[in-house]
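I open this notebook to record what I looked up about side-chain contacts. The entries follow the order in which I took up each topic.

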Amino acid sequence: MKMWSGRFAEQNAKEVDIFNNSLHFDKVLYKYDIKGSIAHVKMLSKQGIITKEDEIKLVEALENLMKDIDEGKVTFNEEYEDIHMAVESILTDRIGDSAKRIHTCRSRNDQVALDMKMYVKAEIMEVMGLVKNLIFTLLEIAKDNTKTIMPGYTHMQRAQTVTFAHHLCAYVEMFRRDMDRLKDAYKRTNVMPLGAGALACSTFDIDRDYVASLLDFDSITLNSLDTVSDRDYVIELLDDLAIIMMHLSRFNEEIIYWASDEFKFITVSDKYSTGSSMMPQKKNPDVAELIRGKTGRVYGNLMAMLTVMKGLPLAYNKDMQEDKESTFDSVDTVKQCLSIFTGMIDTITVNKDVLKDACVNSFMNATDVAEYLVKKGCPFRDAHFVVGNLVGKCVRENKFLQDLTLDEFREQNELFEDDIYEVLHVTTGINKKNMTASPKEDIVKKYIEKILDEIK
């Protein structure tokens, strides 16, 4: 018999029970459900709503149940609708009538909101820890590559010379923004919902601030209708996770082509590569490809949750049960991807000579040549045109700018002098002055030190 069945003359059809049941996935929340129930019981006792004797009995039973579930001693009956009913039913079987008092002054509507907020808070902290570890790993690799020059790209065309350290630190900036977003999401999640009841609170004199203090929430929600119908914090987390996956996917896209025979910029460790069932020579970047692929899955979970919520009237609706599987899946996916990507990137080999050759055999010094002319008094648009002509000449003659004679330079513009060959050196572009965001070695080193100090 279901705990809410008093109003019903007939039992649910079997297929309805199966369709309605969420225990197979929301049992993940058991720790939060039990911790929330313990705080609720203590508040009920403090307010004189239940006796001290009932409090002691219930808290002890809840703590024992938590321990038994942790140790795998509890089998959840498939007849339980959800984790909330499972906990209450098991307690009733164990201690009798005292357990029937546990749901006083609360509804499953505010109870599940509490469980989900506690879950989201905990998972935000875990994801932040993994992002922080990735940032640290990237900075450690960058420290060893502040002099490693490589091509910087726009439109997937070689553009200007940067360093491998500077390139990695671009992703550090992305993941730092991810950390900031997660911190903001935590702040908005850290508001305690229990006490809103089904939608309009309770007639009892409850102490919500006391429950919030027991469960380490900063404050309490202020509108009961919003409290039980709010899933903004879930959507915000899913959005933050989707952005993290977008950043990981972009990074893995580069890992995939950097590791290819066409680039050979890096070598991915055998530990993070796989082979072909048919072609013996293959070494496939399957880890990077899987992370790139799982990004779509996390995007889908975000869109699913936005779609679930878009047309719901106040207050709680059963549609909102669909928040859990998508959230659990995204959290697990992102944590796994962050962990395995950090391991992979930490074991790559940077092929420095290949990266340098790619810089030498290119026209990435063209912008520096144009700026050279501007410094000599040539208008930028004229300088741009002159250097464009020089590049065209080199392409036709299978040369690079550094292969041209001074006479060939002066044929295009008489402002060229012998010092043009200093500008043509491939490292010139990373030795800029007074550029706080430039790939200049000392600036990158200061940046790395600054961020390392921040995350320690």
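**Entry 1. Salt bridges**

I began with charged side chains and found 29 salt bridges in the structure. I note that the model is a predicted one. As background, I recall that side chains of opposite charge can pair when their charged atoms come close.

I looked up Asp-54 and found its salt-bridge partner to be Arg-101, with 3.0 Å between the closest N and O atoms. Which parts of the chain does this pair tie together? I placed Asp-54 in helix H4 (residues 52–70) and Arg-101 in the loop between helix H5 (83–95) and helix H6 (108–143), so the pair joins parts that are 47 residues apart in sequence. I then checked accessibility: Asp-54 has a relative accessible area of 9% and is buried, whereas Arg-101, at 42%, is partly exposed.

I turned next to Lys-73, which meets Glu-71 in a salt bridge of 2.9 Å, N to O. Is Lys-73 buried or exposed? I found a relative accessible area of 57%, so Lys-73 is exposed. Its partner Glu-71 is partly exposed at 42%.

I also recorded the salt bridge of Glu-397 with Lys-399, whose closest N and O atoms are 3.2 Å apart. Glu-397 counts as partly exposed at 36% relative accessibility, and Lys-399 is partly exposed with a relative accessible area of 25%.

I closed this entry with a network of salt bridges that links Glu-173, Arg-176, Lys-450 and Glu-454.

**Entry 2. Aromatic pairs**

I then searched for paired rings and counted 12 aromatic pairs. One of them is formed by Tyr-372 and Phe-416; this pair is stacked, with 5.8 Å from centre to centre and 10° between the planes. Where do the two residues lie? I found Tyr-372 in helix H14 (residues 366–375) and Phe-416 in the loop between helix H16 (406–412) and helix H17 (420–423), so the pair ties together parts 44 residues apart in sequence.

I checked accessibility here as well. Tyr-372 counts as buried at 7% relative accessibility, and Phe-416 is buried with a relative accessible area of 0%. Phe-416 also pairs with Phe-409: the ring centres are 4.9 Å apart and the planes stand at 45°, which is why I entered the pair as tilted. Phe-409 is buried, as is Phe-416.

I noted one aromatic cluster made up of Tyr-153, Tyr-257, Phe-263 and Phe-265.

**Entry 3. Charges over rings**

I looked for lysines placed over aromatic rings. Lys-121 has its charged end over the ring of Phe-217, at 3.9 Å from the ring centre. Lys-117 lies over the face of Tyr-233, and here the distance to the ring centre is 5.2 Å.

**Entry 4. Cysteines**

How many disulfides does the whole structure hold? My search found zero disulfides. I looked up Cys-105, which is in no disulfide; the nearest cysteine sulfur belongs to Cys-201 and is 11 Å away. A disulfide requires the two sulfur atoms to be within 2.5 Å. Cys-105 is buried, with a relative accessible area of 10%.

I made the check for Cys-169 too. Cys-169 is in no disulfide, and the nearest cysteine sulfur, that of Cys-359, is 17 Å away. I recorded Cys-169 as buried, with a relative accessible area of 6%.

How values were computed
Residues are numbered from 1 along each chain as its sequence is written. This is a predicted model: local features need pLDDT of at least 70, side-chain atom pairs count only at pLDDT 80 or more; totals for chains, interfaces and linings use all residues. Side-chain values use heavy atoms; hydrogens and water are left out. Rings of Phe, Tyr and Trp (its six-membered ring) pair if their centres lie within 6.5 Å; planes under 30 degrees apart count as stacked, over 60 as edge-to-face and the rest as tilted. Helices (H or I, at least four residues) and strands (E, at least two) are DSSP runs, numbered from the N terminus. Buried means under 20% relative accessible area, exposed over 50%, partly exposed in between (1.4 Å probe, protein chains only). A charge sits over a ring if NZ of Lys or CZ of Arg is within 6 Å of the ring centre and within 35 degrees of the ring normal. A salt bridge is a side-chain nitrogen of Lys or Arg within 4 Å of a carboxyl oxygen of Asp or Glu.
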